[in-house]
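Me: I am new to this structure and would like to go through it by question and answer. Please show it first.

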Amino acid sequence: MKKLICVLISLMMLLGASACAEPAPAEKLFTPGTYSAEAQGIFVPVKVQVTVTENEITSVLIDATGETPELGGTAAGTLAESILNAQTPNVDAMSGATVTSKAIIAAATDALQQAGADIATLDAQRKDTGAGTGEKEEKIVDTEIVIIGAGGAGMTAAIMAKQEGKDFVLLEKMPYAGGNTTKATGGMNAAETHYQKEQGIEDSKALFAADTMKGGHALNDPELVAELANSSSDAIDWLDTIGAALPKISFSGGASVNRIHAPEDGSGVGGFLVEHFSAKLEELGVSILYNTAATELMVDAEGKICGVKAEGKDANYVFNCKAVILATGGFGANEEMYTQYRPDLKGTVTTNAPGATGDGILMAQALGADLVDIEQIQLHPTVEQSTSMLITESVRGDGAILVNQKGERFTNELLTRDAVSAAELEQEGQYAWIIFDQNLRDHLKAIEKYVKANLTKQGDTIEALAAELEIDPATLAKTLSDWNEIVKNQRDTQFGRTTGMNADLTTAPYYAIKVAPGIHHTMGGIRIDTKAQVINTEGKPIPGLFAAGEVCGGVHGGNRLGGNAVADIVIFGRIAAQSAFDYLK
Ligand code: FAD
Ligand code: SIN
């Protein structure tokens with residue numbers, strides 16, 4: 001009982017730390033309410049919403065979607081927290097994201113002025129003046145499970161753990177949740193789902209598994225792939241139960257049939273899921289411990305997991321626990337780490353979120369975990385290079401083509417990503433233009449983000465577009481007219497494309513985005529079995545250690561199919577949680 005009380009007090013200290021308000025100053029600073037404002041960032045207007053009481057800023061929400069993905073997102077999370085801590089909009093810009101930071105500060109200033117604030121008074125009373133000067137507090141917390149990483153896999157496991165009534169802590173090193181999951185645009189693969197059946201799509205789990213093995217060049221672990229395919233429709237049903245339905249089905253590279261599931265309105269799957277996962281966690285009363293990076297996994301004399309060390313902004317922690325779920329994602333944002341395995345990738349842009357630095361892999365390795373396919377790193381063929389923004393495969397899946405600077409197609413655009421990337425790298429300049437029309441834009445919401453970010457070139461005719469791209473107009477016009485014939489006849493005699501041919505490209509205006517390959521997914525990682533147990537170099541499970549998502553290897557082999565990672569995180573996030581519960585019994 002005494003221990004339980006200690007745990008509760010520790011947890012309350014831990015989880016309540018950021019929620020404790022300073023004693024309210026007597027002076028009225030704001031007119032209570034919620035206020036919004038925008039200011040132009042690099043690509044898009046950044047939106048800020050503040051909520052205030054008479055004397056406190058209680059919430060700062062920043063939408064920097066469309067800004068440089070890595071830095072814009074980080075700036076949004078970091079500055080929201082800084083403004084809340086300082087109680088003034090005049091906080092330091094984040095290095096590497098100064099334009100976005102300045103837009104956030106300008107919009108927050110505007111919103112607070114609408115609330116009647118005198119910014120000079122807020123500056124004079126700023127609350128974070130002593131921050132960072134003292135020694136960090138050391139906290140010891142007892143709990144049953146530590147889930148490391150609040151991306152898709154970690155949040156899935158956390159929802160399961162709370163629903164099961166477990167005592168756990170969810171750690172996230174960034175100031176916000178979501179990781180790479182937030183960035184997932186295309187969708188989630190699943191076979192024999194009720195949505196496929198309702199839409200008359202014939203598919204099977206066996207075909208899903210076969211496509212995944214073929215796409216992964218048969219390097220994948222067949223047992224993990226079978227688990228992925230067999231549990232996929234259940235995962236879609238589970239998402240239904242938490243209000244995160246994915247009913248829109250389309251085609252993604254390497255799949256034999258329409259299998260990739262997305263939200264009804266065509267919005268990005270990752271943002272949609274993270275929003276729903278966050279809402280569910282909030283509804284269940286789960287707090288995420290942000291700005292807290294796990295640094296070390298602890299084992300007892302028998303080699304069983306017994307704790308996690310972590311570094312927070314204001315405190316260092318030791319979490320005593322019996323089980324750990326590693327959900328820290330991949331290492332696509334850690335150039336030092338990926339060039340260790342693939343020196344040829346030095347200098348390649350990455351689509352990944354800044355938290356994808358391979359921490360979980362390193363922590364597990366320190367306990368003797370085996371690694372699998374660690375050098376298998378996926379290049380995505382359609383990445384806009386100045387912003388590292390991914391141009392979703394759905395654009396090609398919905399009918400776009402790729403042309404080189406001569407204005408000619410050079411590949412079946414829906415081959416697997418490694419093949420399309422390789423074909424692009426053979427073109428002069430090692431880039432391509434992705435070409436689509438207004439009809440395609442009207443049907444794919446993701447495109448609005450690219451237009452807003454000024455990534456698209458546009459022409460009212462093919463010739464006008466060609467002039468914009470400095471491509472010979474007659475060649476581009478012939479390429480488009482040949483392509484429209486191919487769509488009409490449903491026969492690609494040039495490159496054998498058989499999918500993503502439901503609509504021709506005949507509706508003006510016409511659009512193009514310049515693209516080239518970028519690092520997108522680290523297929524390799526920690527070896528797990530079908531129970532998501534982490535396996536050591538002797539082929540044995542490390543007792544109490546489970547892992548799910550991009551931190552693991554084996555599911556995707558030598559090349560991941562679009563839509564399989566989101567399936568992976570939901571399916572193995574659930575399995576890891578269930579296995580941890582079973583282990584605790
Ligand atoms: P993440 O979502 O990356 O979460 C890991 C979390 O752990 C992060 O929040 C990170 O900050 C945190 N963390 C890391 N280290 C620590 C530490 N030491 N302590 C505490 N926290 C830590 N896949 C699809 O299937 N379909 C798609 O449409 C799709 N689109 C994509 C688009 C883009 C631009 C990108 C980059 C990827 C896309 N993917 C897609 C891949 C997919 O999104 C990811 O593989 C998947 O979401 C990874 O989920 P995760 O939970 O394993 O990791
Ligand atoms: C994309 O939308 O092209 C990315 C999908 C994925 O990585 O699975």
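Me: Which backbone lies 2.8 Å from an oxygen atom of ligand 2?
Reply: The model is a predicted one. Ligand 2 has an oxygen atom that is 3.3 Å from a polar backbone atom of glycine 186. Another entry at 2.6 Å involves an N or O atom in the side chain of histidine 520. The backbone N or O atom that lies 2.8 Å from an oxygen atom of ligand 2 belongs to glycine 563.

Me: How much of the accessible area of ligand 2 does the protein cover?
Reply: On its own, ligand 2 has 260 Å² of accessible area. The residues that surround ligand 2 include Thr185, His380, Leu390, Arg417 and Arg560. With the protein in place, the covered share of that area is 92%.

Me: How many residues of the shell around ligand 2 are polar?
Reply: The shell around ligand 2 includes Thr392, Glu393, Gly562 and Gly563. One residue of this shell is nonpolar and three are charged. Glycine is counted among the polar residues. The number of polar residues in the shell is seven.

Me: Which residue has a polar side-chain atom 2.5 Å from an oxygen atom of ligand 1?
Reply: Two backbone contacts can be set aside. A polar backbone atom of glycine 152 is 3.1 Å from an oxygen atom of ligand 1, and a backbone N or O atom of asparagine 564 lies 3.4 Å from an oxygen atom of ligand 1. The side-chain atom at 2.5 Å belongs to threonine 181.

Me: What share of the area of ligand 1 does the protein cover?
Reply: Ligand 1 has 40 residues around it, and among those that come nearest are Glu172, Glu550 and Val566. Its accessible area on its own is 1000 Å². The share covered by the protein is 97%.

Me: Which element gives the most to the shell around ligand 1?
Reply: Helix H5 (152-163), S11, strand S21 (510-522) and helix H18 (564-584) each supply at least two residues of this shell. By class, the shell holds 13 nonpolar, 21 polar and six charged residues. The element that gives the most, with four residues, is H18.

Me: In which sense do strands S11 and S12 pair?
Reply: S11 covers residues 293-299 and S12 covers residues 305-311, with six bridges between them. Valine 299 stands opposite isoleucine 305 in S12. The two strands form a hairpin with five residues between them, and glycine 303 in the turn has a positive phi of about 85°. The sense of the pairing is antiparallel.

Me: Which residue of S13 stands opposite lysine 309?
Reply: S12 and strand S13 (residues 315-320) run antiparallel and are joined by five bridges. A hairpin through three residues links S12 to S13. The residue in S13 opposite lysine 309 is valine 318.

Me: What is the volume of the largest cavity?
Reply: A search of the whole structure finds two cavities of 30 Å³ or more. Lining the largest cavity are 13 residues, and those nearest its centre include Gly186, Lys248 and Leu444. S8 and strand S9 (260-262) are the elements that give two or more residues to this lining. The space in the largest cavity is about 90 Å³.

Me: Which charged residue lines the second largest cavity?
Reply: The second largest cavity holds about 50 Å³ of space. Its lining has three nonpolar, three polar and one charged residues. The residues in the lining are Leu29, Phe30, Asn55, Gln87, Leu122, Gln125 and Lys127. Because Asp, Glu, Lys and Arg count as charged, the residue asked for is Lys127.

Me: How many charged residues are in the lining of the second largest pocket?
Reply: The second largest pocket has a volume of about 390 Å³. Of the 20 residues that line it, the closest to its centre include Ser250, Asp398 and Asn502. Strand S8 (248-250) and helix H14 (438-443) each supply at least two residues of the lining. Besides seven nonpolar and 11 polar residues, the number of charged residues in this lining is two.

Note on methods:
Residues numbered from 1 in each chain as written. Chains lettered and ligands numbered in written order. Predicted model: local features only at pLDDT ≥ 70, side-chain atom pairs only at ≥ 80, totals over all residues. Heavy atoms only, no water. 1 Å grid on protein atoms, 1.4 Å probe; cavity = no way out; pocket = protein on both sides within 12 Å on 5 of 7 lines; lining within 4 Å. Points joined across faces, edges and corners; volume = space filled by probe spheres on them. Pairing = 2+ DSSP bridges. Near = heavy atom within 4 Å. Polar contact = N/O pair within 3.5 Å; in protein donor to acceptor, adjacent residues only side chain to side chain. Areas by Shrake-Rupley, 256 points an atom, 1.4 Å probe, with all protein chains shown as cover.
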